[in-house]
Amino acid sequence: ANLKSYAAVDLGASSGRVMVGRVGPDSLELAEAHRFPNRPVRVPEGLRWDVLALYAGVLEGLRAAGQVDSVGIDSWAVDYGLLDADGALIGSPVHYRDSRTEDVAQKVWATVPAAELYAATGLQYAPFNTLYQLTAARASTQLSYAKRLLLIPDLLTYWLTGEQGTELTNASTTQLIDPRTRDWSYDIASRLGIDLSLFAPLRQPGDPAGVLRSEVLEETGLTGPVPVTAVGSHDTASAVAAVPAEGERFAYICTGTWSLAGLELDAPVLSEESRAANFTNELGLDGTVRYLRNIMGLWLLQECVRAWGDPELGALLLDAAKVPALRSVVDAGDAAFLAPGRMPERIAEACRATGQPVPTTPAEVTRCILDSLALAHRRAVTDAQRLAGHPVDVVHVVGGGTRNALLCQLTADACGLPVVAGPTEAAALGNVLVQARAHGLVGDLADGRRLLTRTQPLTRYEPQGDAARWSEAEARLTRG
Ligand code: LFR
């Protein structure tokens, strides 16, 4: 058969991986070539990404992947590296959980009121949106001599190919893009004193992004030319592209460090009500809008597990399943949980503040987190349908959380809708599909999704229990 191979580099907040997708007219297989940890480093000036280690991991992964027809890169959003006039990286990219943005929102809103900012950019307020990061960095020496800003996947692409661009889906997380025109928001940038010429020209998912440099070929043992293809370089854009949905009446939840829960729409929702509900309008493939809410996600559990000295997760989840349901819940959408550290204590404090029983054992805390996540999923799926006027019949759960059967079942119960879980490596699959499509192997978004439905294992969870107890639990969050 006429099979093609695509390397999908997918970088998450806790690990990076290089996957190889083999695609034929009616087949799609994904295999892991290399996985490596992503460990942020705390230096005196703050929390930083070890981007050289990530690049080394990418090169090692490409070597392990072997000869491929193209390479694509996606990662988490909003963060960037700065280049000087010689094209050299200035410092280490700042981590979005760094505290430098804690007080900048008021400053920004004094110039552009929050409501106006939302109407122009459609982005949910998050302290780490690139716009706030750049405002926090305004007086820094590094920014003063920077000539170029490259978002993380674009930076790695530049190192691989020597070519610079700003991929659109990830650019839409900067809060400097107008989701209606899908171009820069020149007015917002100029009023906030952000120099848009720092950004390389926009490129679209599927655009060519150069070929591997000869040194890269040498280091990876590949034979050139090997093209690099721009994909939906925001991992969530790639993951949504790989939601195996049929038709339009679906919600999705991309689970991992974050839960990104919402809808795929063909136009942004920029109403004041939508802003108040903290929904974001990020850009997806083929003119789509990813209308979703950022929820803290499995970060809450990851941080607890770290605090407990890394117990075995499988056993912990089994114990959590035996803890009575919905004893206490926290607001998993609350930015109070953004920073690392002391997570079991912070969860206990939130339960106490709302007059609920305080979970103490790891099993109880884990149950509280999973119930809270399911509840946050329910709220996002319900609110999105109402605000967008777009009803759904099914919730697709993709990403790392699909391995957590308890979370999937609780999400089905809370939403009162069937959950279809899978694929787990959605971001990598979406990355592969865009490359395959750019090279003429698959058709549009719907075609790609049909290929996924035919080829990827999916698990269905039917809603159980009385949905009313979730409304009761939801009411507790606003007490205290
Ligand atoms: C998920 C993600 C989210 C984004 C967050 C920070 O990996 O990309 O979509 O809000 O990370 O960049």
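Student: Which way does α15 cross α16, left-handed or right-handed?
Tutor: Right-handed: that's how α15 passes α16. Keep in mind that this is a predicted model.

Student: Okay, and what's the packing angle between α15 and α16?
Tutor: About 45 degrees, and the two axes are 8 Å apart. At that angle, α15 counts as oblique to α16, because roughly parallel would need under 35 degrees and roughly perpendicular takes 65 to 115.

Student: Which residues in α15 and α16 meet?
Tutor: From α15 you have L370, D371, L373, A374, L375, H377, R378 and V381. They meet L406, L407, L410, T411, D413, A414 and C415 in α16.

Student: How do the residues of that contact divide into nonpolar, polar and charged?
Tutor: For α15 with α16, it's 10 nonpolar, 2 polar and 3 charged.

Student: Let's stay on α15. How do α14 and α15 pack, at what angle?
Tutor: Helix α14 runs over residues 343–353 and helix α15 over 362–388, and they pack at about 65 degrees with axes 11 Å apart. The range for roughly perpendicular is 65 to 115 degrees, so α14 and α15 fall into that class.

Student: And is the crossing of α14 and α15 left-handed or right-handed?
Tutor: Left-handed for α14 and α15. On the α14 side the contact uses P344, I347 and C351, and on the α15 side V365, C368 and I369.

Student: What classes of residue are in the contact of α14 with α15?
Tutor: The count there is 6 nonpolar, with no polar and no charged residues.

Student: Then there's α19. What angle does α15 make with α19?
Tutor: Helix α19, residues 468–476, packs on α15 at about 95 degrees, and their axes are 11 Å apart. That makes α15 roughly perpendicular to α19.

Student: Which residues make that contact between α15 and α19?
Tutor: L375, R378 and R379 from α15, with W470, A473 and E474 from α19. By class, the contact of α15 with α19 splits into 3 nonpolar, no polar and 3 charged. Both L375 and R378 also appear in the α15 list for the α16 contact.

Student: Switching to the ligand. Which residues come nearest?
Tutor: There are 13 residues around the ligand, and W76, A77, V78, T236 and W258 come nearest.

Student: What does the shell around the ligand look like by class?
Tutor: It has 6 nonpolar, 6 polar and 1 charged residues.

Student: What domains does UniProt list?
Tutor: The unreviewed entry has "domain: Carbohydrate kinase FGGY N-terminal" over residues 66–240. It also lists "domain: Carbohydrate kinase FGGY C-terminal" for residues 251–438.

Student: How much helix and strand is in residues 66–240?
Tutor: That span is 35% helix and 18% strand, and its end C-alpha atoms lie 27 Å apart. For residues 251–438 the chain is 46% helix and 17% strand, with the end C-alpha atoms 26 Å apart.

Student: Now backbone oddities. Is the peptide bond from G224 to P225 cis or trans?
Tutor: It's cis, with omega near 0 degrees. P225 sits in the loop between α9 (214–220) and β15 (227–229).

Student: And what about the peptide bond from G422 to P423?
Tutor: That bond is cis as well, with omega near -5 degrees. You'll find P423 in the loop between β21 (419–421) and α17 (426–438).

Student: What about Q175, is its phi positive or negative?
Tutor: Positive, at about 70 degrees, although Q175 is not a glycine. Q175 is in the loop between α7 (168–171) and β11 (177–178).

Note on methods:
Residues are numbered from 1 along each chain as its sequence is written. This is a predicted model: local features need pLDDT of at least 70, side-chain atom pairs count only at pLDDT 80 or more; totals for chains, interfaces and linings use all residues. A residue is near a molecule or strand if its C-beta atom, placed from the backbone, lies within 6 Å of it. Ala, Val, Leu, Ile, Met, Phe, Trp, Tyr, Cys and Pro count as nonpolar, Asp, Glu, Lys and Arg as charged, and the others, Gly among them, as polar. Axes are lines fitted to C-alpha atoms, for helices over the stretch in contact, and angles run from 0 to 180 degrees between N-to-C directions. Helices (H or I, at least four residues) and strands (E, at least two) are DSSP runs, numbered from the N terminus. Angles under 35 degrees count as roughly parallel, over 145 as roughly antiparallel, 65 to 115 as roughly perpendicular and the rest as oblique. A crossing is left-handed if the near helix is turned anticlockwise from the far one by less than a right angle, and right-handed if clockwise. Two residues are in contact if their C-beta atoms, placed from the backbone, lie within 7 Å. UniProt positions are given in the numbering used here, feature names are shortened, and annotations may be inferred rather than shown by experiment.
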